[in-house]
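User: I am new to this structure and would like a close look at a single part. Could you walk me through one place where helices pack together?

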Amino acid sequence: MAWDGLKKFVFRRKRDLPEGLWMRCDDCGALIYKKVVEERNNTCPECNYHFPMTAPERIQLLLDPGSFHELWEDLTPVDPLGFVGVNVYRDRLAETQIQTGLRDAAIVGVGTIQSKPLVFGVTDSRFIMGSMGSVVGEKIARGAELAAQEKLPYVVISGSGGGARMYEGCLSLMQMAKTSAAIARLHDAGGVFVSVLTHPTMAGVMASFAALGHIVIAEPKALIGFTGPRVIEQTIKQELPKGFQRAEFMLDHGFVDLIVARQELRETLARILGYIPGRVASGIHPALSPA
Amino acid sequence: MTVEYTHDFEKPIAELEQEIAKLERLAVKSQLNLSAELEKLRDRALQVKREIYGNLTPWQRVQIARDPRRPLLTDYLAGAVEDFLELHGDRTYGDDKAVVTGFGRIGDERVMLVGHKRGKNTAERVKCNFGSPHPEGYRKALLKMQLAEQCRIPVVTIINTAGAYPGIGAEERGQAQAIAKNLFEMSRLRTQILCIVIGEGGSGGALGIGLGDRLAILENAYFSVISPEGCAAILWKDGTKAPQAAQVLKLAPKDLQGLGVVDDIIPEPVGGAHQDPPGAVARVKEYIQKTLRELRALPIGELLKKRYERHRRIGAFLEGEEAKVYFQASMVKAAARAQAKAQKEAGGAAPNAPAPNAASPTESALLVAGAGGVLSAAPPSASAPAPSPSAAAAPPAPAPVAPARSPAPAAAGEGRGEGWSEPPSASATPAPIAATTPDPTAPPAAP
Ligand SMILES: [Zn+2]
């Protein structure tokens, strides 16, 4: 086996590394100093690969301190199919809820970025790969409806390798329809939706709301697409070109407005919000006041 | 008409039919009057057919849905549509042969037809890529649907695809974006949209032309978030366990109707559509005519409102007090599992530990309520959508006020940053994190 293939195999498994001062980059394989990675908001100092970030970390990074006000936080996933695979979906949900402190993969609420109010949503890849089940779909849709009602811009940070969550069957699939319809309503109400794609945003999430941003932003090197690269390789029985489905590839093919490094995302979002009219129609939260 | 029985579960039917044929030959040869015996056998065969086809497993249905002898889009165009005028192209890249679009008449209804084409023989199948569209297929579909809106005629979509094509070109030209755009536009297209799954409803590739005022499915078709094979590969790392996967995915028409995903199930002739294609086509035609009449009765504004609510409603979750009870019960169970595991690891049996999966009485009641909620979220077809009081039915407009929060235990705030205005509420005490195991069923991470 060529060293390149081996390297991929050995270094992909970041989580297997012992707790310590050093870590391996998932992308370039370099041995990097953890503290530096953290200072750079979880990006690789060697290759600028963007490691996954939790939803609470995103909120802390992007929103004005103390401004975020979560909505519908008690929406709780159930096991509508009684799904029993290797284990029970409900048990898996419980364990993930304990590990993450989240009820499901999305957090949606209102807040400000550099004093500009917005409705803000973010998914967390720790929660069943950030996949979209009923709760994620419902929160994204409610966020869109709220943004339409309050005349606020809507920003959602997506990240899901799995797309629609298999464990909720067609109910998950139909969240694609639900969220897309909600974004269409926001559009018809004159609202503006900003979609931020992080590594990875694929399948049912990308084939619905995540692709529908009036403005689409991607993090560097994020994998973005419909079918996962492995399935494509198996289907067409040939190796995929370098950089296939990465953010840069998507930019080249016209599906992304801009690629923004994590360190600059807050500033960029603030600049974009400056072009979007935003006002709070009903005093939804005291922290929100039109800029 | 001779029908071949190719599926395992059709064996008893095949045997009976053989017996009938034998007896028929004997009657001719020997000049004996065997009509009474033949009658009896034919009755028996019909009965067996009804029994077998009335009790198919989900996997058997998937096999029938994929049966190459089943009527395809072209059969419906030939048998149910008059004056079909095919229109090609997406005006941007090309003409995807996996999607066929055009004007046509069904009875006295002028409609726009949009469907997946799969092909009758190998040459045809290759030409239309086995019914798996590229982005230009979805864009062609959208363009023609918008033409229908312009002409004020309804759209009828005929869904039959294993999925959108997974290929380099498809990704380069934005497969995900094309499907998303269709969902966006179909949700607000100002004309009637009727969607019918006639065979395979393969995930996003099917849904890409599947958002409308009604979603109907043939009795032996299926609609699923993932193929049974794909699901089995993720769950058990074993594609041959597709039959089990088909079971857990709840992809059969009755299940889908129960979940509120599908409005109507179109019955097939006894023995499946492949045994009587003209019969199946006639039933679909009848259904289209009846349903378009119903949809036409609604003013367009109301139609669009209902279409939005139809999709807005789909989903199962809990909120408020019910959510609290359910979540707490989940946490208690998780803690019990962790405890049982720890004790097992320590070597001792746990005589008094609660069974990890035993539901408390309150919780059982809630689970029943939850399931009822899902069911009640699915109004029977053609009737007005009953506003469901259950948590599964979402309010059409969100309350702009956050729910009251209970004081959170210190541990629950873990991992949340300074951007938060208040501590989050997680009302149950989490079980020890170390006691949970990484889940072996985790889908493979995208590289
Ligand atoms: Zn790196």
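**A helix contact between two chains**

Analyst: Happy to! Buried residues make up 61% of the 291 residues in chain A, and please keep in mind that this is a predicted model. Chain A has 10 helices and 10 strands. Among its contacts between residues at least 6 apart in sequence, 66% join residues at least 24 apart.

Now to the part itself. Two packed helices are described by the angle between their axes and the distance between the axes. Here the pair is helix α6 of chain A, residues 169-188, and helix α8 of chain B, residues 175-186. Their axes are 8 Å apart, and the helices pack at an angle of about 65°. The crossing of α6(A) past α8(B) is right-handed.

Which residues make the contact? From α6(A) come Met176(A), Ala177(A), Ser180(A), Ile183(A) and Ala184(A). On the other side, α8(B) brings Ala180(B), Leu183(B) and Phe184(B). Sorted by class, the contact of α6(A) with α8(B) has seven nonpolar residues and one polar residue, with no charged residues. The polar one is Ser180(A).

If you would like something to set beside this helix pair, chain B also has paired strands: β2(B), residues 99-106, and β3(B), residues 109-116, run antiparallel and are joined by eight bridges. These two strands form a hairpin with two residues between them. In the turn, Gly107(B) has a positive phi of about 60°, while Ile106(B) stands opposite Glu109(B).

Note on methods: Residues numbered from 1 in each chain as written. Chains lettered and ligands numbered in written order. Predicted model: local features only at pLDDT ≥ 70, side-chain atom pairs only at ≥ 80, totals over all residues. Axes fitted to C-alpha atoms, helices over the stretch in contact; angles between N-to-C directions. Helix = DSSP H or I, 4+ residues; strand = E, 2+ residues; numbered from the N terminus. Left-handed = near helix turned anticlockwise from the far one by under 90°. Contact = placed C-beta atoms within 7 Å. Buried ≥ 20, exposed ≤ 12 C-beta atoms within 10 Å, placed from the backbone. Pairing = 2+ DSSP bridges.
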